Amino acid sequence: MSRATVRRNVHFLNGENNEILGFWQNGSVSWSQIAEWMHIVIILPFTQYAVFRCLESGNPENPATNHGPSVNLSGNNNAVHPGYYVVLSANGEPLDIPITEERAIPRSMSYNLSNPDPRIAVFRRRVRERDNCCVVTGTRAPPDRYTGFEAAHIFPVAHLDLWCSGQWSQRIEDDFHDVGDSKIHSVQNGILLASHVHAYFDKYEIAINPDDNFKITSFVEEYFGFDGRYMVLSNYPQHYQPLRSLLKYHFRMAVLCNMKARGPEYDWDEDIPPGMDPVAEISNSKEGKLRFELVMAERLNHLVD
């Protein structure tokens, strides 16, 4: 019997009583959403497995035999109740549940440069003008004052190579004259977020699902009321709006990052006090080498775009 060490209130076990999936239910996640998430992380056709509610109180000892009827997932908009569930074959027999090895691309909070690339300044201005509020909380920025608000890239600049290999520029419809060759600084790859919301977004702790009316899901226990809200959209033309496929990609990464048994794959502390050396703090942190590479890649990619 194995259990995830991350804090969760919904646990999915296999027939051997090992936790294979899980998340924190803040209240808005339905069974139809779980069906979509399982399709992302489980390498089996959804017809080959089913979810059953464990009947034992507390931490189950025999989930494969002590469970209720299967839960109908498809089209079921009922909220998932916290607790333990077991994933078995459609007829209730133990089944090997292979989990994808695909991993979320790591992200790290970006720090403002003293001399930012001109395209970043334009990107920031355009995102501010279009959104004029945190698109998650709806909090509006005072006129011409954006303290506490940040223009966030949906697809991180640190992964310009993946952006290019994925041919994302071909999906950008933005006709602004100066978005760079790669178009990674297009306003369609940006959203305005309050500073604390940006931290949740970059750590994949919240995500926006454009296929669910731009509903916001929080994958961890949170106290700001993000979960279940809907993204605030401006009345700008479609070719200046955040690209749906980019938001969907970020949402997929959030599912991969949070749903697997081990929990978040990249969980570093972003709280670097003023006066401290950010490079030293980053390079000495847990997973410091990867984090350092991300920060450097983000800064250098501004020069090669």
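This report walks through the overall make-up, the salt bridges and one helix pairing of a predicted model.

## The chain as a whole

Let's start with the big picture. The chain folds into seven helices and nine strands. Of its 305 residues, 51% are buried. Its accessible surface comes to about 14800 Å², and carbon and sulfur atoms account for 50% of that.

How much of the contact list comes from residues 24 or more positions apart? Counting contacts with a separation of 6 or more, the share is 70%.

## Salt bridges from the start of the chain

There are ten salt bridges in the model. As a reminder of the chemistry, side chains of opposite charge can pair when their charged atoms come close.

Take Arg7, whose side chain meets that of Glu221 in a salt bridge at 2.5 Å, N to O. The two partners are 214 residues apart: Arg7 belongs to the segment before β1 (10–13), while Glu221 sits in the loop between β9 (215–218) and α5. Arg7 counts as exposed because its relative accessible area is 60%, and exposed means over 50%. Glu221, at 26%, is partly exposed.

Next door in sequence, Arg8 has a salt bridge of its own, with Glu19 at 3.1 Å, N to O. Here the partners are eleven residues apart, with Arg8 in the segment before β1 and Glu19 in strand β2 (residues 19–23). Buried or exposed, where do Glu19 and Arg8 fall? Both of them are buried.

## A bridge from helix α2, and a small network

Arg119 and Asp178 make another salt bridge, with their closest N and O atoms 3.5 Å apart. Arg119 is in helix α2 (residues 118–131) and Asp178 is in the loop between α3 (160–165) and β7 (190–194), so this pair ties together parts of the chain 59 residues apart in sequence. Both ends are partly exposed: Arg119 has a relative accessible area of 22%, and Asp178 comes in at 34%.

Some salt bridges also share partners, and in this way Asp211, Arg244 and Lys248 are joined into one network.

## Helix α5

Helix α5 covers residues 244–259, which makes 16 residues. Does its length come out as expected or not? At 1.5 Å a residue the helix should span 22 Å, and its end C-alpha atoms are indeed 22 Å apart, so the two values agree.

A good part of this helix is tucked away from solvent by the burial cut-off: the buried residues are Leu246, Leu247, His250, Phe251, Met253, Ala254, Val255, Leu256, Cys257, Asn258 and Met259. For reading that list, keep in mind that an α-helix has 3.6 residues a turn, so residues three or four places apart point the same way.

## How α1 meets α5

Helices α1 and α5 pack with their axes 10 Å apart, at an angle of about 80°. The pair is therefore roughly perpendicular, since angles from 65 to 115 degrees fall in that class. Which residues make the contact? From α1 they are Ile34, Trp37, Ile40 and Val41, and from α5 they are Phe251, Arg252, Val255, Leu256 and Met259.

His39 also lies in α1, which spans residues 31–41. With a relative accessible area of 59%, His39 is exposed. Its C-alpha atom is 10.0 Å from that of Thr100, a residue 61 positions away along the chain.

Key
Residues are numbered from 1 along each chain as its sequence is written. Side-chain values use heavy atoms; hydrogens and water are left out. Helices (H or I, at least four residues) and strands (E, at least two) are DSSP runs, numbered from the N terminus. The expected span of a helix is 1.5 Å times one less than its number of residues. Buried means under 20% relative accessible area, exposed over 50%, partly exposed in between (1.4 Å probe, protein chains only). Contact means heavy atoms within 4.5 Å. Accessible areas come from the Shrake-Rupley method with a 1.4 Å probe; for residues, only the protein chains shown count as cover. A salt bridge is a side-chain nitrogen of Lys or Arg within 4 Å of a carboxyl oxygen of Asp or Glu. Axes are lines fitted to C-alpha atoms, for helices over the stretch in contact, and angles run from 0 to 180 degrees between N-to-C directions. Angles under 35 degrees count as roughly parallel, over 145 as roughly antiparallel, 65 to 115 as roughly perpendicular and the rest as oblique.
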